[in-house]
Amino acid sequence: MDIALLGNPNTGKTSMFNNLTGSYEYVGNWSGVTVEKKVGLLKKGTASLIDLPGVYSLNPLSKDEGVVTNFLLHDSFDRMLNIIDASQLERNLHLTIQLLEFGRPLIIALNMVDVASKRGIEIDVDRLASQLGTKVVPVIARSGRGCDELAEFVTTIESPSISSFTVSYGEEMDGAIERLARMLEGKVHHSVRWLTLQLLEGNHYVKAYLQSFIGREELETFILDTSKAILSNYEEKTIDHFIYHKRQEAIGELLRNSTYTEEENKQPLSEKIDAVITNKWLGLPIFFVIMYFLFMLTFDWLGFPLSDILDGIISGPITGGLEGFLSFIGASSFIHALVLDGIVAGVGGVLVFVPQIFILFFFISLLEDSGYMARVALVMDRLMEHVGLNGKAFIPMMIGFGCNVPGVMAARTIETPRERMLTVLLTPLMSCSARLPVYALFVGAFFVSHKALIVLSLYILGIVVALILAKVFSTTILKGETSFFVIELPPYRIPQGKALWKSTWEKGKGFVKKAGTFIFAGSVLIWLLSYAGPQGLNVEMDDSFLAMIGGVFAPLLAPLGFGTWQAGASLLTGFLAKEAIISTMNIIYFVPDEASLQGLLINSFSPVAAYSFMVFILLYIPCLATVATIKKETGSYKWTCFSMGYALLIAYLLSFLIYQFGTLLGF
Amino acid sequence: MLAGLRIGKRAKIIDTSGADRLVRRRLLDLGITEGSEVCIKCKMPFGGPFMLESCGQCVGIRRREAQTIKVEEL
């Protein structure tokens, strides 16, 4: 049995999904956490639950919302679970009515009853249920209360009857529904009533669907005739407003009979917090202070010491233990070198940075779950508007600090295609966590006293370059007038420890997993390339295949300050995954741990060349996984190639300027 | 106009037809339309966006849009 989970944004769909399925999806407190449908198996029983992006209405404005309409039109499922926010019933019921019109079995989960009662709203659940003609189950998805009963109910009930609740849109509409039904001649299995209403509301997906059955002109005539008939009889400006108001009337009636609101003039805590966080003058400084703390904790106060401890463990007991074991079983010197110089150096060199990456992911999860992310969008909107974007584009960029792949996908929540394309193209400039090990290594070697500041400068450089390019692109290749910004600011929520940890783990486990698979295999390959050469096996590193390959790029990189085959080879592997740069360097420089690698690096890079190298790594190309995502999101080879091409150009230019001017100034 | 409303004062929206089509649609999704009561919570500096409150929910919109929405102070 397939159950579709539907509801407004920020109503706790994803929390509910996690609670019901026991699996873990990513929860955030901003609109657009889920941009693609996700399927999970219910804890008990054989039903699967399909999590869909949050929508206010079935008539989509943005691409993630379109996923829901397309799902309803083209996918098969057995029943719908509609989650509604008890504290915002009026707004939520608009979607519920549209789902009831769709005409499939529906069960309602009434979420956040605790929040509603705190705001003085008491809901008579039984009366609401009897009026809507559906089962209504009160739950608190965040804590999981009521979720077991809901799961029980959703799966065990044999076949929930289809509700007979209808909104009356007048006889003109009824006539129109009959007319469309005649035009369709029974060729569709969807409710004609629902199709008619969605079509008249201006739903493009439904229109395109209907055009596969009815001629374009015939359909246009139908829309025009119906609109004329209705607008001449009622005092309404547009047909979608007419439909909206009819629904609004029906909802008003429903609520009068089933809810009691106590007027309370207490200012909600969320508004008190907002009085400070989004304060006219404090908003931006607070954002910068939060970012500063995030970086200091990740790179200086907490992250570095933890990574050092881990480095000590990997290079000490683990390497020693492996060495002893290999000698004990009498492994050949080839195996010895492969394991210690290839795998331990390559994989261990990446794993060392797990603490720092987890701290970063923890803070990103904290910002998302608390509701601060939407405020950042508000605070940044003015700046973003100047460069041809809107504040919402800042959210994918912040997500991109963790990993560019979900960042690029989060751009789907941006309504206008032009701004969405810009965001997809520029999000890869955000310094993702996989680039972090490279910085950590280099600042540890060259900029010991200003570690966090140097890293912060790279993150800021990424943002500044993105903003400048946004301005350039939006006035040249991606011109257009429309910029759009309306954002819902959900109430603040106290993040829950368990959810926070799971969210951090979900994001971070990809890094650990990649180290065990991709980086592992890559390390073996890189080591083999460095072990073998045209003259045979066990050659001098400088005569190896790897040196030959890297050497091709060395002359090109010389003006940037790092014209060595080692740099060339590691940048090449960096395209596959940015952290592979570290694995490659560890293998090339043939050292057991981070500290001795740093010692060696000082001999091959000058400080300004090191900075130039870090800038190049920051910008030079989106990693393979990001490129694949950009291709999927833009659906265009042209734009995908462009995203790689412009990055390479900008990276080369900036590194060149930094190195040449830096050397000139005598650094 | 909504943009002229002082912070903390409540007002009723009387006409949104001057606003951008997409903005109107999104505000409608959020339940903000003719007849809704709104209150401006804060205005971002340098011509930045406004934070509105309506029926207990907060929404951010641009100043430019606020200048096209007619309201009546309560």
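How many salt bridges are counted between domain 1 of chain A and domain 2 of chain A? In this predicted model, the count between these two domains is zero, although the rule finds six residue pairs in polar contact across their interface, with both residues of each pair at pLDDT 80 or more.

The setting of this interface follows from the domain assignment of chain A, which gives domain 1 as 2–156, domain 2 as 171–236 and domain 3 as 286–664. Between domain 1 of chain A and domain 2 of chain A, the C-alpha centres are 28 Å apart, and the contact draws on 12 residues from domain 1 of chain A and 14 residues from domain 2 of chain A. The area buried between the two domains amounts to about 1,200 Å², with carbon and sulfur atoms giving 60% of that area. On the side of domain 1 of chain A, the residues that lose the most area to domain 2 of chain A are A:Asn59, A:Leu73 and A:Glu101, which together account for 48% of what that side buries.

With regard to secondary structure, α2 (63–74) and α3 (89–102) of chain A each supply at least two residues of the side of domain 1 of chain A that touches domain 2 of chain A. The largest share of that side comes from α2(A), which provides six residues. By residue class, the side of domain 1 of chain A that touches domain 2 of chain A is made up of five nonpolar residues, six polar residues and one charged residue.

Terms used. Residues numbered from 1 in each chain as written. Chains lettered and ligands numbered in written order. Predicted model: local features only at pLDDT ≥ 70, side-chain atom pairs only at ≥ 80, totals over all residues. Heavy atoms only, no water. Domains from an automatic or database assignment. Contact = heavy atoms within 4.5 Å. Buried area = accessible area lost by both parts, 1.4 Å probe. Salt bridge = Lys/Arg side-chain N within 4 Å of Asp/Glu carboxyl O. Polar contact = N/O pair within 3.5 Å; in protein donor to acceptor, adjacent residues only side chain to side chain. Helix = DSSP H or I, 4+ residues; strand = E, 2+ residues; numbered from the N terminus. Nonpolar A, V, L, I, M, F, W, Y, C, P; charged D, E, K, R; others polar.
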